[in-house]
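Me: I have a new model open and would like to learn how to read it feature by feature. Could you walk me through it?

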Amino acid sequence: LGRSRSYGVLAREGKSLGIPGFLMSRARRLSGCGSCGSGRPAVSVELVQKLQKLNGEIHTLYREGKHTQALGVAEEAYALASEAFGERHLYVASTLNNMALMNKLKGHLGEANRQYSLAMDIYKDQTGEEHASYATAVHNKALVERLQKRPDEAVRLFSKALDIRRKVLGTEHVDVGVTMHNLGSAVRDLGEFDRARELQEHALTILRRRLGSEHLTTATCMNALGLTLKRAEEYDEAIEMYQKALGIQRRSLGLKHEECLQTLHNMAECYVEKGDTERESAVRSEIMRLVDAMQKDDDS
């Protein structure tokens, strides 16, 4: 299970969620008019429908955990969109986000960072910096910077994304809570535990209010706050937070789920740091029991 960590980073990735309606309208207007002076092929209804189909395939493969296949489809969509709309188009930025996400999930962090940077530049040019899409691009890049062990840059980018999201979306928006949560985790990486705790507690308040106390995103924020409390040697508070997160995960997912196992693992490590070997042993025994049960379920 690896070392204690905040399981399930709250990414809120800026994935392509469908072909914007204006593309279909544009396709209908330009169909049959040649390149219309653009130097590129006309945008046909068939092309936009093809992109819609590819987008659906990407999402299906992503949900199934088939990231290599999803990346291949995303690359095909990128090539088609770049040729049709030009490399600085907003839809091209969306396809770059898809490719970057798949590369990140495959562990290709350098390529993911490069693609997120390209998407961020397109959004900056096309929408300006005070726009939700640009904020999402900055947030996505910050996630990769943190994975690449560059917490200072991650903090800078998360802070920038947070400022934009507060201004554009309002202080109580879910995306504000998500970015604040991730900023807290990056600040924790710098060893600033008091500030990290303040950010994550504030984020948790927003997520509880907007999503509810039983939402899995709320549980993920609790898990991350638990890790911050553990690093600050506030072991009892950390364990309490892990227990609350586990309760939500158990009710939503059942105990035989990797998110529950990770929370139990985090809890066991907290007992290690606290010196409570009896409770640590009990939690690790529960983990092994659940793992055995999951393997039996797979075999059957």
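What follows is a short dialogue on reading this model.

Me: Where do we start, and what is the secondary structure of the chain?

Reply: One thing to keep in mind is that this is a predicted model. A good opening step is to list the elements. Here the chain has 13 helices and zero strands, so from the N terminus on the order is simply α-α-α-α-α-α-α-α-α-α-α-α-α.

Me: How many of the residues count as buried?

Reply: Burial is read from relative accessible area. Of the 300 residues in the chain, 48% are classed as buried. You can also look at how contacts span the sequence: of those between residues at least 6 apart in sequence, 64% link residues at least 24 apart.

Me: Can you show me a buried residue, and where does Leu-51 lie?

Reply: Gladly. Leu-51 sits in helix α2, residues 45-63. Its relative accessible area is 0%, and because buried means under 20%, Leu-51 counts as buried. Leu-51 also shows how sequence and space can be read together: Glu-76 is 25 residues from Leu-51 in sequence, with 9.1 Å between their C-alpha atoms.

Me: Now helix packing. At what angle do α11 and α12 pack?

Reply: For a helix pair, read the angle and the axis distance, then the handedness, then the residues in contact. Helix α11 (residues 235-253) packs on helix α12 (residues 258-274) at about 165°, and their axes are 9 Å apart. Angles over 145 degrees count as roughly antiparallel, and α11 and α12 are therefore roughly antiparallel to each other. Their crossing is left-handed. On the α11 side the contact includes Tyr-235, Ile-239, Tyr-242, Leu-246 and Leu-253, and on the α12 side it includes Cys-260, Leu-264, Met-267, Cys-270 and Tyr-271. Sorted by class, this contact has twelve nonpolar, four polar and five charged residues.

Me: What changes when I apply those steps to α6 and α8, and at what angle do they cross?

Reply: The steps carry over. Helix α6 (residues 132-147) and helix α8 (residues 174-189) cross at roughly 25°, and their axes come within 11 Å. That makes α6 roughly parallel to α8. The crossing of α6 with α8 is left-handed. His-139, Leu-143 and Arg-146 of α6 meet a set of α8 residues that includes Val-178, Asn-182, Ala-186 and Asp-189. By class, the contact of α6 with α8 has three nonpolar, four polar and three charged residues.

Me: How many aromatic pairs does the structure hold?

Reply: For ring pairs, read the distance between centres and the angle between planes. The structure holds one aromatic pair. Phe-85 and Tyr-91 form it, with 6.3 Å centre to centre and 90° between the planes, an edge-to-face arrangement. Phe-85 and Tyr-91 are both buried.

Me: Last one: backbone angles. Which phi does Lys-149 have, and where is it found?

Reply: A useful check is to look for a positive phi in residues other than glycine. Lys-149 is such a case, with a phi of about 65°. Lys-149 is in the loop between α6 and α7 (151-169), and is exposed at a relative accessible area of 71%.

Me: And Glu-233, is it buried or exposed?

Reply: Glu-233 is exposed, with a relative accessible area of 57%. Glu-233 also has a positive phi of about 65° without being a glycine, and it lies in the loop between α10 (216-231) and α11.

Technical notes: Residues numbered from 1 in each chain as written. Predicted model: local features only at pLDDT ≥ 70, side-chain atom pairs only at ≥ 80, totals over all residues. Heavy atoms only, no water. Axes fitted to C-alpha atoms, helices over the stretch in contact; angles between N-to-C directions. Helix = DSSP H or I, 4+ residues; strand = E, 2+ residues; numbered from the N terminus. Parallel < 35°, antiparallel > 145°, perpendicular 65-115°, else oblique. Left-handed = near helix turned anticlockwise from the far one by under 90°. Contact = heavy atoms within 4.5 Å. Nonpolar A, V, L, I, M, F, W, Y, C, P; charged D, E, K, R; others polar. Phe/Tyr/Trp six-rings, centres within 6.5 Å; stacked < 30°, edge-to-face > 60°. Buried < 20%, exposed > 50% of the residue type's maximum accessible area, 1.4 Å probe, protein only.
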